[in-house]
Amino acid sequence: MKTLWIAGLLYFVGAAGVLAEQPNVIFMLADDLGYGDLRSYNPKSEGEAPNSTPIRTPNLDRMAKSGVRYTDFHSAAPICSPSRRALLTARYPNRLGEWAEAYRGSPDGVIASKEPTIGMWLKEAGYATAVYGKLNVGEVKGVSWPSAHGFDDWLIIDHNTGYFQHQNKNQDCQGRPMLFDTGGNRVTSLEGQYLTDIWTDKAIEFIEANGNDPFFLYLPWSIPHAPLQDPDSDPSTAFDAGAKSNTPEGRQAYVKMVEYLDSHIGRIFQTLEKQGQLDNTLIIFTSDNGGMLSGNCWPLKKRKQHLEEGGIRVPFLMQWPGKIPAGTVNDKPSIMMDASVTVLVAADALKYVPEGRTLDGINLLKSSEGLREFGWRRRDWGAQGNYLRQEAYRSGDWKLLRSFKYVGNKKWSAEYKDELFNLKDDRGETENLATQMPDKYASMKMAFDDWKAEVVELEPDYLIQLRDQLGSPANLPDDVVLDFESGSFDGRLHKAKTKDLVSDPVIENEICKMMVKAGATPPLLYKGMDVDTEKYSKLRFEMRISGSASIGAGRAVLRHTGWKGEDRKFKPIADGQWHEHVVDCTKSSAWSQWTPEGRIGVALPVPTKGEIEVELKTIQLVK
């Protein structure tokens with residue numbers, strides 16, 4: 001593989017030496033923008049968007065003329081979160097673990113102390129750093145929020161919200177804005193203001209405040225991701241209001257949103273010119289993945305969510321006056337981590353990357369020859385399942401695309417179809433050459449297996465507690481229901497309507513602790529998972545109860561499909577001592593009817609008065 005290994009002063013990619021002057025760096029990331037949405041990529045507005053409305057982007061068009069436009073640049077993933085993880089770490093998201101291949105992340109997100117990022121290295125290089133926009137790599141203060149990743153100033157959402165009402169449907173929103181400033185404080189004073197206005201104003205303030213020192217400004221915009229909300233809409237527009245993505249009305253709103261973003265990028269360029277900083281600023285613009293339903297991915301196949309080119313090939317513009325020739329068009333295969341490494345090289349920050357750490361990119365500022373290899377995996381996972389949807393491998397002009405068979409209800413089987421394309425001749429992926437070129441197909445499969453063996457991490461610190469349809473990760477035990485060793489709670493908690501009487505789980509020293517007050521509906525700690533009912537017959541756990549001597553019964557939660565099933569009671573003991581409980585699951589009718597949508601866990605006892613502390617160790621299945 002052509003990856004970059006940092007080892008002392010060895011620059012595998014031929015990085016430039018120390019620069020006489022560190023440039024400012026601005027990295028702008030659109031959200032779900034299609035390859036064919038910019039005029040510089042699609043002058044005639046061809047394509048199959050919900051309508052043929054062209055998008056006027058004069059500032060981005062000017063950027064294309066002032067620098068370089070890449071025609072074969074790729075995101076690291078066809079969805080938001082993994083792509084942003086790759087950008088910041090300069091590594092494939094697959095190196096973090098299979099959890100990083102999907103939307104949902106580990107409970108702590110990208111942990112800065114374990115997965116350092118370009119913000120940290122640029123800060124070490126003397127840069128003032130800021131991020132304004134959609135972070136989407138984790139939201140744990142001091143662990144995965146921007147300050148942990150080297151950003152001095154920030155104003156972010158971590159998941160998409162409404163553009164005027166900064167709320168979303170996440171459980172922790174509860175009608176409150178999900179906009180947070182430096183230090184992790186919830187911002188409530190900006191409701192009714194359009195997010196793009198807010199972040200642009202912050203960006204301009206940051207540029208003006210750092211005229212004498214090099215700065216790194218990361219702008220991960222949320223435009224044009226849904227909700228599709230016209231900037232001219234009423235500021236009281238609900239957070240989830242907007243036209244449907246696959247309609248002409250949705251396209252109309254989308255067009256206005258992208259044009260509005262372009263106008264605000266123009267404001268940033270004007271500020272740089274006014275400050276005399278434009279010539280000393282490296283500016284990058286791209287998209288986190290392919291276009292959404294309202295976008296135009298012409299002339300590519302499919303769009304966001306998919307590993308066909310429409311889901312991963314994205315616009316990429318880069319300018320740096322005097323360093324990058326104006327009006328350049330580059331057709332060499334490139335990927336998101338290349339942009340990350342290029343920033344580090346330009347800022348003379350590569351030396352701060354820990355020795356021996358692998359970065360999966362090359363320096364785009366230096367011409368490079370040779371074969372490029374890329375890989376992708378599209379995964380869905382949650383409490384109810386873990387499935388690979390697609391995989392893809394690129395070697396030079398050739399691409400192997402593997403699509404797993406969809407069997408309904410958000411599930412994919414182990415059966416798959418392979419396709420082989422020559423992207424130089426067929427970037428629309430119309431002709432599958434796997435049968436016509438068996439030798440090439442065989443060599444691509446072998447190379448893809450080698451790529452996965454090197455890049456895909458099957459033993460990360462945080463494991464998905466559900467095997468995928470291929471049985472991966474191979475080291476995951478199938479007897480664990482809830483495991484508290486990772487220091488986080490990866491199951492589900494059901495409090496019914498008595499949430500004020502039940503605390504959230506606290507994980508310490510591999511023990512789960514909860515407080516339960518009298519009057520509560522018995523809280524359920526459970527996980528949705530398929531169970532090998534032929535192999536296992538009992539549920540085992542250790543429990544300690546402190547506080548009240550009078551408590552109700554406990555139950556092993558056994559629901560074969562959703563909430564359908566038959567729980568089994570056990571007798572808890574409230575004496576402050578640890579007690580082992582083993583429940584015979586075969587006594588429940590649910591066991592013989594178990595499905596992949598089954599739910600299994602423990603219903604905690606409730607005191608008749610006062611409150612109790614309930615502690616649990618690993619809940620597991622035994623024979």
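The following exercises, each with a worked solution, concern a predicted model.

**Exercise 1. Cysteines**

Determine how many disulfides the structure holds, and state where C512 and C585 stand in this respect.

Solution. A disulfide is a covalent bond between the sulfur atoms of two cysteines. The criterion applied here is a pair of cysteine sulfur atoms within 2.5 Å. A search of the whole structure returns zero disulfides. For C512, the nearest cysteine sulfur belongs to C585 and is 19 Å away, and C512 is in no disulfide. Seen from C585, the nearest cysteine sulfur is that of C512, again at 19 Å. The next step is accessibility, for which buried means under 20% relative accessible area. C512 has a relative accessible area of 1% and is therefore buried. C585, at 0%, is likewise buried.

**Exercise 2. Aromatic pairs**

Classify the ring pair of Y92 and W451 and locate its two members in the chain.

Solution. The search of the whole structure finds 24 aromatic pairs. In the pair of Y92 and W451, the ring centres are 5.1 Å apart. The planes stand at 90 degrees, so the geometry is edge-to-face. As to location, Y92 belongs to the loop between α2 (80–89) and α3 (118–124), whereas W451 belongs to helix α8 (residues 438–455). The two residues are 359 residues apart, and the pair thus links distant parts of the chain. Both Y92 and W451 are buried.

A further pair, W145 with W154, is also edge-to-face, with 5.4 Å centre to centre and 70 degrees between the planes. W145 and W154 are both buried. Separately, one aromatic cluster is formed by F27, F151, F216 and Y218.

**Exercise 3. Arginines over rings**

Identify the ring over which the charged end of R69 sits, and the residue whose face R402 lies over.

Solution. The charged end of R69 is placed over the ring of Y41, 5.0 Å from its centre. R402 lies over the face of Y416, and here the distance to the ring centre is 4.3 Å.

**Exercise 4. Crossing of two helices**

Describe how helix α1 (residues 58–66) and helix α5 (residues 248–274) are oriented, and list the residues in contact.

Solution. The axes of α1 and α5 come within 7 Å and cross at roughly 55 degrees. Angles under 35 degrees would count as roughly parallel, and 65 to 115 as roughly perpendicular. The two helices are therefore oblique to each other. On the α1 side, the contact is made by P58, N59, L60 and M63. On the α5 side, it is made by D262, S263, I265, G266 and F269.

**Exercise 5. Surroundings of α2**

State how many residues of α2 are buried and which elements they pack against.

Solution. In α2, 10 of its 10 residues are buried. Among them are C80, R84, R85 and T89. The buried residues pack against the strands β2 (24–30), β5 (128–134), β9 (215–220) and β14 (358–359), and against the helices α3 and α7 (336–346). Just after α2, A90 takes a positive phi of about 60 degrees.

**Exercise 6. A loop residue**

Characterise the position, accessibility and contacts of Y352.

Solution. Y352 is located in the loop between α7 and β14. Its relative accessible area is 28%, so Y352 is partly exposed. With neighbours within four places in sequence left aside, Y352 is in contact with W121, E124 and A125. By contrast, the C-alpha atoms of Y352 and R378 are separated by 31 Å, the two residues being 26 residues apart along the chain.

Terms used
Residues are numbered from 1 along each chain as its sequence is written. This is a predicted model: local features need pLDDT of at least 70, side-chain atom pairs count only at pLDDT 80 or more; totals for chains, interfaces and linings use all residues. Side-chain values use heavy atoms; hydrogens and water are left out. Buried means under 20% relative accessible area, exposed over 50%, partly exposed in between (1.4 Å probe, protein chains only). Rings of Phe, Tyr and Trp (its six-membered ring) pair if their centres lie within 6.5 Å; planes under 30 degrees apart count as stacked, over 60 as edge-to-face and the rest as tilted. Helices (H or I, at least four residues) and strands (E, at least two) are DSSP runs, numbered from the N terminus. A charge sits over a ring if NZ of Lys or CZ of Arg is within 6 Å of the ring centre and within 35 degrees of the ring normal. Axes are lines fitted to C-alpha atoms, for helices over the stretch in contact, and angles run from 0 to 180 degrees between N-to-C directions. Angles under 35 degrees count as roughly parallel, over 145 as roughly antiparallel, 65 to 115 as roughly perpendicular and the rest as oblique. Contact means heavy atoms within 4.5 Å.
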